[in-house]
Amino acid sequence: MSGDRITKALLFISSLTILLLSTGIVISLFGGAIPAFREFGLGFIFSSAWNPTAGNEEYGAMSFIAGTVITSLLALIICIPMAFTTSLFIAEYYRGTRTSGILRSLIDLLAGIPSIVYGFWGFYALRPLLVSTGLSDQGFGVFTASLVLAIMIVPYATSLSAEIISMVPAELKEAAYSLGATRREVIFSVVIPSARSGIIASFILALGRALGETMAVTMLIGNANVIPKGLFAPGNTMASVIANQFGEASGLKMSALIAVGLLLFLITALVNYLGKLIIKRFA
Amino acid sequence: MNNTPQSDPVLDIRNLFIAYEPERYAVKDVSASVKRNRITAIMGPSGCGKSTLLRAMNRLHELYPNIQTKGDILLEGQSIFSMSVIELRRRVGMVFQRPNPFPNMTIYENVVAGFSLNDIRLKKNQRDEIVENALRNVALWDEVKESLFRKGTFLSGGQQQRLCVARAIAFNPDVLLLDEPTSALDPVATSKIEDLLGELKKKYTLVLVTHNMSQAARISDESMFMYLGELVESGPTGTLFTTPKDPRTEAYLTGKFG
């Protein structure tokens, strides 16, 4: 066999492995979720019951879907102003300067901090702070989790949107400057409109990250299997309930957890697909 | 149109040095002048500093903090470095190498972009008039009057470039800088732009950077030849092309380099 054919075969085999792996994951998710869906039907998605008592078992995903969606959206809302302004700062206002370079490395550094460290920081630094404001008794809950989640997705959203903003062609900006526009006018009338869809997409992708984030949220959200009753009330997310309960689960409960995982997978895939679609259409 | 006393030249470049890196000059000690209602062509091989010189005339280099400029340029007798950069750029318009209409704006919005970008509010009939005049001046009106509210990026390359000229003259500038405006265009579109420049010089003073000698010979009145950052020779185009004084100019014109 010629070297060329060997290379081709090797590449083919490794690509096939990836394909088999992802198909396998999807199949086992679906397979594992079947008992739960057979027992509760589509009602599994909309029910907020979570009762593992033997003989009385009843499971539903709604509390966790609500917890996931609420914390993620709240994190996104907190993240947008920070990430948007920072990306403008590094990719446009201070483009090419030392300050921007340092800031960029710091953002990459933040993006590389493991989730458990953020959770730890939230637990020991942020939670007591919240308790001292009197807004929350123990400091656990949706708000604490969202805040840490926001801090975790800011670096990701920032570097994505900075990338998009720095792709706005110099010739467009020069055209605007040569018409006598000021920096602010160039940014708001040329840079942001040209980069708008890309910026939106980068926030959608950041939302995708927030949806699946597990460790830090688990440490802060309070792990109450109910739909959160307020900003400072405890709740649980899809990822957290799996992390908390899979160890002691079996039978129907295990199947319910897998079904929650399947739903999380579908939601995250959909959000990521949307974000990539927007980037593709406008890049 | 011009209330300032008609001092000739319009632009007077004095001992201009421009460096992209410390002590490495892209433009070295250039002194030259640009005459009113003429087309002045700046020629030279790639990397000779011709675009760098042009972009100094509306202080575009200031967008890039590492570029350093020494020397002076006078616009109607006044140093451009003592003016507000906004006022300068309104008086000295620019057209770029590649057509660059704003992709988020319609044809109409592109023409009045100079006003909207500067937050200058105009009445609708004033705007309509400016748009029509500017588009007529670049011979684009008849081609686009039915589609003024479509995006400018739908036009052909040549039409886009004329739209960019319209955008630059909508402000009625004193000087129009053109940085190889036809290098991205086909021959038909190029000759349309060249005809247009011949018309525009009646109203404006034009400075044209080109690497195309025959274009400079066809349409310019005055020529400058630059080589390795220096202004080798300048003068009336006819004289410079027929009896160049410097051997380097002659070598360039006869195709020995460039």
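**Notebook: two sheets in chain B, the A–B contact, and the build of chain A**

I began with a single pair and noted that B:Ile42 stands opposite B:Val209, the latter in β8(B). Everything I write here refers to a predicted model.

**Entry 1, the six-stranded sheet.** I looked up the strands behind that pair and found that β3 (residues 39-43) and β8 (residues 205-209) of chain B run parallel to each other, joined over 4 bridges. Tracing the neighbours outward, I recorded an open sheet of 6 strands in chain B, in the order β6-β7-β8-β3-β9-β10, with mixed pairing. Why does one side of β6 and of β10 in chain B lack a neighbour in the sheet? I noted that β6 (92-95) and β10 (230-236) stand at the edges with a single partner strand each, so one side of each is left open in this respect. For the twist I wrote down an average turn of 15° between neighbouring strands of this sheet, with direction ignored. I then looked for a helix against the sheet and found α7 (residues 157-169) of chain B, which packs on it by touching β6 and β7 (175-179) of chain B, and whose direction makes about 170° with that of β6(B).

**Entry 2, the four-stranded sheet.** Chain B has another open sheet that I followed, made of 4 strands in the order β2-β1-β4-β5, and here the pairing is antiparallel. Its edges are β2 (24-34) and β5 (78-79) of chain B, each of which has a single partner strand, so one side of each has no neighbour in the sheet. Going into the pairing itself, I found β1 (residues 11-21) of chain B joined to β2(B) by 7 bridges, the two strands running antiparallel. As an example of facing residues I noted B:Ile13, which stands opposite B:Ala32 in β2(B).

**Entry 3, where the chains meet.** I next looked up the contact between the chains, to which chain A brings 16 residues and chain B 19 residues. Which elements of chain A give two or more residues to the side that touches chain B? They are α7 (170-177) and α8 (183-212) of chain A, and α7(A) gives the most, with 6 residues. By residue class, I recorded this side of chain A as 8 nonpolar, 5 polar and 3 charged.

**Entry 4, chain A as a whole.** I listed 11 helices and 2 strands in chain A, and from the N terminus on the elements run α-α-β-β-α-α-α-α-α-α-α-α-α. Along the principal axes, the C-alpha atoms of chain A fill a box of roughly 75 × 70 × 30 Å. Of the 283 residues in chain A, 42% are buried. Taking the contacts in chain A between residues at least 6 apart in sequence, I noted that 73% join residues at least 24 apart.

**Entry 5, the domains of chain A.** Chain A is divided into domain 1 (3-51) and domain 2 (62-282), and I recorded 26 Å between the C-alpha centres of these two domains. Each domain of chain A puts residues into the contact, 14 from domain 1 and 14 from domain 2. On the domain 1 side, the elements that give two or more residues are α1 (3-40) and α2 (43-46) of chain A, with α1(A) giving the most, at 8 residues. My last note concerns the make-up of that same domain 1 side, which divides into 10 nonpolar, 3 polar and 1 charged.

Definitions and conventions: Residues are numbered from 1 along each chain as its sequence is written. Chains are lettered from A and ligands numbered from 1 in the order in which they are written. This is a predicted model: local features need pLDDT of at least 70, side-chain atom pairs count only at pLDDT 80 or more; totals for chains, interfaces and linings use all residues. Two strands pair if DSSP finds at least two bridges between them. Axes are lines fitted to C-alpha atoms, for helices over the stretch in contact, and angles run from 0 to 180 degrees between N-to-C directions. Two residues are in contact if their C-beta atoms, placed from the backbone, lie within 7 Å. Ala, Val, Leu, Ile, Met, Phe, Trp, Tyr, Cys and Pro count as nonpolar, Asp, Glu, Lys and Arg as charged, and the others, Gly among them, as polar. A residue is buried if 20 or more other C-beta atoms lie within 10 Å of its own, exposed if 12 or fewer, and partly exposed in between; C-beta atoms are placed from the backbone. Domain bounds come from an automatic or database domain assignment.
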